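This report describes a structure together with its bound ligands. The topics are the metal site, the ligand surroundings, one helix and selected residues.

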Amino acid sequence: MHVIAVPSVPKRTDEFSSADEIINSLLDLRPEKWGLPPFNDWIEGTLPIDPWFIGGPVIKGFGRGSKVLGIPTANLAAENFSDILSDHTSGVYFGWAGLSKRGIYKMVMSIGWNPYFDNTEKTIEPWLLHGFDEDFYGEELRLVIVGYIRPEANFPSLESLIERIHEDGRIAENALDLPEYAKYKESPYLRNPLQEGAATGGNEAEQEFI
Ligand code: ADP
Ligand code: RBF
Ligand code: MG
């Protein structure tokens, strides 16, 4: 028998050293690694998920995305979504992003503790796959998250982290053209800002769309 551990507390993997493999969540289980038939729901490097809806004003992060990585991320306030986030594992996800004054864009994001930087707080870091001429701090950003790519990871160098994030971007860019993901671009939630500063998320928007 092989043992795969899924620790429920982050950053405590050292307590599971006798397992054959430690994974972050069941999303990362790969039966084929253990001589079993693979799951067949992955498409083009992505796993479709029940979509979730979060939004709010773009806040200031650590100022690191653009400066250190050359990859700006329009952060949302994680504390506003603690319920939603506790239902979803940290990792790299993708979907559609609506900016009330600008439009709807493809988006890839990380949620978690950014192991390379060893953050103590969980952050939501959406990278919009579009070139903007200016910042949009404070603007209402709406996200529909439709698929999963991989767990957050540590990297031996900044270059390898940057290269991996660009690959995530390419995977999201291509996957979002598949009908299964493309249909969510029409979600009213992306176009329908509530009053300023209101944190939103979850079921109402979902029902509105489905
Ligand atoms: P911070 O740490 O404050 O989030 P970043 O270096 O990550 O700073 O830059 C993020 C800001 O850059 C966003 O809040 C947004 O205003 C702006 N921005 C410009 N282009 C993009 C983009 N393509 N995706 C996300 N944010 C962008
Ligand atoms: N940080 C990590 O430490 N590990 C990761 O695996 C990781 N993956 C990311 C994937 C995407 C698509 C994006 C946009 C960011 C990712 N980052 C990751 C987060 C990055 O560290 C973060 O955006 C910067 O620290 C900015 O605060
Ligand atoms: Mg950022």
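The model is predicted: local features need pLDDT of at least 70, side-chain atom pairs count only at pLDDT 80 or more, and totals for chains, interfaces and linings use all residues. Residues are numbered from 1 along each chain as its sequence is written, chains are lettered from A and ligands numbered from 1 in the order in which they are written, and side-chain values use heavy atoms, with hydrogens and water left out.

**Annotated domain**

The unreviewed UniProt entry carries the annotation "domain: Riboflavin kinase" for residues 47-177; positions are given in the numbering used here, feature names are shortened, and such annotations may be inferred rather than shown by experiment. Helix makes up 22% of this span and strand 36%, and its end C-alpha atoms lie 14 Å apart. Helices (H or I, at least four residues) and strands (E, at least two) are DSSP runs, numbered from the N terminus.

**Metal site**

Which atoms coordinate the magnesium ion (ligand 3)? The coordinating atoms are T73 (O), T73 (OG1) and N75 (OD1), at 2.2 Å. Donors are N, O and S atoms within 2.8 Å of the metal (3.2 Å for Na, K and Ca); water is not among the atoms, so the site may look incomplete.

Accessibility is classed as buried under 20% relative accessible area, exposed over 50% and partly exposed in between (1.4 Å probe, protein chains only). T73 is partly exposed because its relative accessible area is 24%, whereas N75, at 6%, is buried.

N75 is found in the loop between α1 and α2 (82-87). Contact means heavy atoms within 4.5 Å; not counting residues up to four places away in sequence, N75 touches P57, V58, I59, G61, T123, I124, E125 and P126. The side chains of N75 and E125 are also joined by a polar contact of 3.4 Å, a polar contact being a pair of N or O atoms within 3.5 Å; within protein, one must be able to donate a hydrogen and the other to accept it, and residues adjacent in sequence count only if both atoms are side-chain atoms.

**Surroundings of ligands 1 and 2**

A residue is near a molecule if one of its heavy atoms lies within 4 Å of it. By this criterion, 20 residues surround ligand 1, the closest being G61, G63, S66, F136 and Y137. Ligand 2 is surrounded by 20 residues, of which the closest are R64, N114, Y116, R150 and A153. Polar atom pairs between protein and ligand are listed below.

| Residue | Protein atom | Ligand atom | Distance |
|---|---|---|---|
| G63 | polar backbone atom | oxygen of ligand 1 | 2.5 Å |
| G65 | backbone N or O | oxygen of ligand 1 | 3.5 Å |
| N75 | polar side-chain atom | oxygen of ligand 1 | 2.8 Å |
| R64 | side-chain N or O | oxygen of ligand 2 | 3.1 Å |
| P115 | backbone N or O | oxygen of ligand 2 | 3.1 Å |
| A153 | backbone N or O | nitrogen of ligand 2 | 2.8 Å |

N75 thus appears both as a magnesium ligand through OD1 and in a pairing with an oxygen atom of ligand 1.

N114, one of the closest residues to ligand 2, has a positive phi of about 45 degrees although it is not a glycine. N114 is placed in the loop between β5 and β6 and is buried, with a relative accessible area of 11%.

**Helix α3**

Helix α3 (residues 158-175) has 18 residues, which at 1.5 Å a residue should span 26 Å; its end C-alpha atoms are 26 Å apart, which agrees. The expected span is 1.5 Å times one less than the number of residues. Its buried residues are L161, I162, I165, D168, G169, I171, A172 and A175. The cover over these buried residues includes α1 (65-69), β4 (91-99), β5 (103-112), β6 (123-128), β7 (140-150) and α4 (179-182).

**Further residues**

E21 lies in strand β2 (residues 21-22) and counts as buried at 14% relative accessibility. Its side chain makes a polar contact with the side chain of W34 (3.4 Å). Leaving aside neighbours within four places in sequence, E21 is in contact with V3, I4, A5, K33 and W34.

E44, in the loop between β2 and β3 (47-57), is a residue other than glycine with a positive phi, near 45 degrees. E44 is exposed, with a relative accessible area of 54%. G131, in the loop between β6 and β7, is likewise exposed, at 66%.
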